[in-house]
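I opened the notebook with the sequence and the coordinates side by side. My plan was to look up a handful of places in turn and to write down what I found at each.

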Amino acid sequence: MMKSISLLEPSVKPENAATQVRKAINFETPDYLPFWDNFWDGFPELWQQRLGMPHGMFPDDYYGRCIRVLSGNETLFPSLDKKLIKTTGEYDIRSDGWGRIVKVARNGYFSQTLSRILERTADLEKLQPEPAGLRFRYTGLQQQTLEQQEKGVFCFAKIGGLYCRGHFIRGEEALLMDMMLEKNFCHEFFDLLTEHFTQVALETLERTGLWRNGLIIYDDMAGNSAPNFGPDTFAEYLLPRYQKLIATVRQAGCVRVFFHSDGNIGPFLDLLLEAGFSGFNPLEPRCGLDLLKLREKYGRKMVFCGGVCNTVILPRGDKKEIEAHVRPLIELGRDGGLIIGQASVSTDIAPEVYDYYMSLIKIYGNYSS
């Protein structure tokens, strides 16, 4: 077992994390390199056990989280979201707010779709979203924002994206076929979603007050080797609508809009910049997204949020390999434009390995020393 060598003290509080994130976003040299990781799949509990942490101590508290994303209920039908229809064995049958009836294991995360409101393209007229301004969509959101800001954490307002949420409603295979064969339907469908998410974005920004921090849109649209569709398809359906959405929120006072998608979004980066996005997450190395090469190509046109390999290098646990991977990224962050991190941290990364990784950021990412 790799011994923990963290140089961090427990309960580190990131009082000025938001300041460091702002410096990085503005291509200024931060005092220390800000980081952004999300912990999944039992990692926090395993981390507690393996590193001998007291009960109630979590990685977020120990290392000092720099960034949170905050959102309301963005579904089309929030009054139906999680509404229980019946139980059967170990499963619940529910509506989910996206016009679907889903089967969900009570101890599980993923769901099986049983039916959809948009089974056929002709059913589009049934798709009339409940108003974005409904107060109960944002219950507790202002308080969450205040709590995170009091901890010094930088917060983004968050909404889902047009493609990702579109296939929640229509089904991914069906939507991809529609994008090839049902162009009139897709233009109407994406117009409807654009209007809905524009209003949700404005409401979320208003209720959190995060205009100066900005908005991040989560729109997973790529596999490890390539996007799920071609640049021409993106340009036809998504580019003009993202341009419209971003222009609207920017005109209302939102300073910046970032983009999240797992996978290889490299073929879309020029189009995403044209749409108005200025920061990107998580930029996975396994997908060919090398931050050093991207900086050479794009300069200060884009802020990087990510860049660390969570699928091969950290799971393998070789210290020399990890340092050789991470040190150039830390140096890249010296001039700003980088919030280091990875797509997710789960139990395939040993807690001792993650602790070692964080110690490298602590040592070499302290730019003020």
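I began at Asp41, which I found in the loop between strand 1 (35-36) and helix 2 (43-50); helices (H or I, at least four residues) and strands (E, at least two) are DSSP runs, numbered from the N terminus. Its phi is near 55 degrees, a positive value in a residue other than glycine. At 58% relative accessibility I entered Asp41 as exposed, since buried means under 20% relative accessible area, exposed over 50%, and partly exposed in between (1.4 Å probe, protein chains only).

Before going further I noted the ground rules: this is a predicted model, in which local features need pLDDT of at least 70 and side-chain atom pairs count only at pLDDT 80 or more, while totals for chains, interfaces and linings use all residues. Residues are numbered from 1 along each chain as its sequence is written, and side-chain values use heavy atoms, with hydrogens and water left out.

Confidence came next, as pLDDT (the predictor's confidence in each residue, from 0 to 100). The mean for the chain is 94, and 96% of its residues reach 70 or more. Over residues 1-13 pLDDT stays under 50, and for this stretch the model has 33 contacts beyond four places in sequence, a contact being heavy atoms within 4.5 Å.

I then asked which residues Ser346 touches, not counting those up to four places away in sequence. They are Trp40, Asp41 and Phe43, which brought me back to the loop of Asp41. Ser346 itself sits in the loop between strand 12 (338-341) and helix 13 (351-364), and it is buried, with a relative accessible area of 16%. Its side chain also makes a polar contact of 2.9 Å with the side chain of Asp348; such a contact is a pair of N or O atoms within 3.5 Å, where within protein one must be able to donate a hydrogen and the other to accept it, and residues adjacent in sequence count only if both atoms are side-chain atoms.

Trp40 turned up again when I looked at the surface, where Trp40, Tyr109 and Phe110 make a nonpolar patch of about 450 Å². Patches are made of residues with over 30% relative accessible area and no salt bridge, like charges being joined within 9 Å and nonpolar side chains (Val, Leu, Ile, Met, Phe, Trp, Tyr) within 5 Å. Tyr109 belongs to the loop between strand 5 (100-105) and strand 6 (111-116), and it is exposed, with a relative accessible area of 64%.

For salt bridges I took a side-chain nitrogen of Lys or Arg within 4 Å of a carboxyl oxygen of Asp or Glu, and by this rule the count comes to 19. Arg50 pairs with Glu352, the closest N and O atoms being 3.0 Å apart. This pair links distant parts of the chain, Arg50 in helix 2 and Glu352 in helix 13, 302 residues apart. Arg50 is partly exposed at 33% relative accessibility, whereas Glu352 is buried at 2%.

I also looked up Arg106 and Asp92, whose side chains meet in a salt bridge (2.9 Å, N to O). Here Arg106 lies in the loop between strand 5 and strand 6, and Asp92 in strand 4 (residues 91-95), 14 residues away in sequence. Arg106 is partly exposed, with a relative accessible area of 45%, and Asp92 is buried at 9%. I added one network of salt bridges, which links Asp60, Arg65 and Arg68.

Turning to backbone geometry, I asked which two residues a cis peptide bond joins, with omega about 0 degrees. They are Asn281 and Pro282, and I placed Pro282 in the loop between strand 10 (279-281) and helix 10 (291-298). Leu283, found in that loop between strand 10 and helix 10, has a positive phi of about 55 degrees although it is not a glycine. Leu283 is buried, with a relative accessible area of 1%.

My last entry is Cys254, in the loop between helix 8 (231-251) and strand 9 (257-260). Cys254 is buried at 2% relative accessible area, and its contacts, leaving aside neighbours within four places in sequence, are with Leu205, Trp211, Gly214, Leu215 and Val249.

Technical notes: Accessible areas come from the Shrake-Rupley method with a 1.4 Å probe; for residues, only the protein chains shown count as cover.
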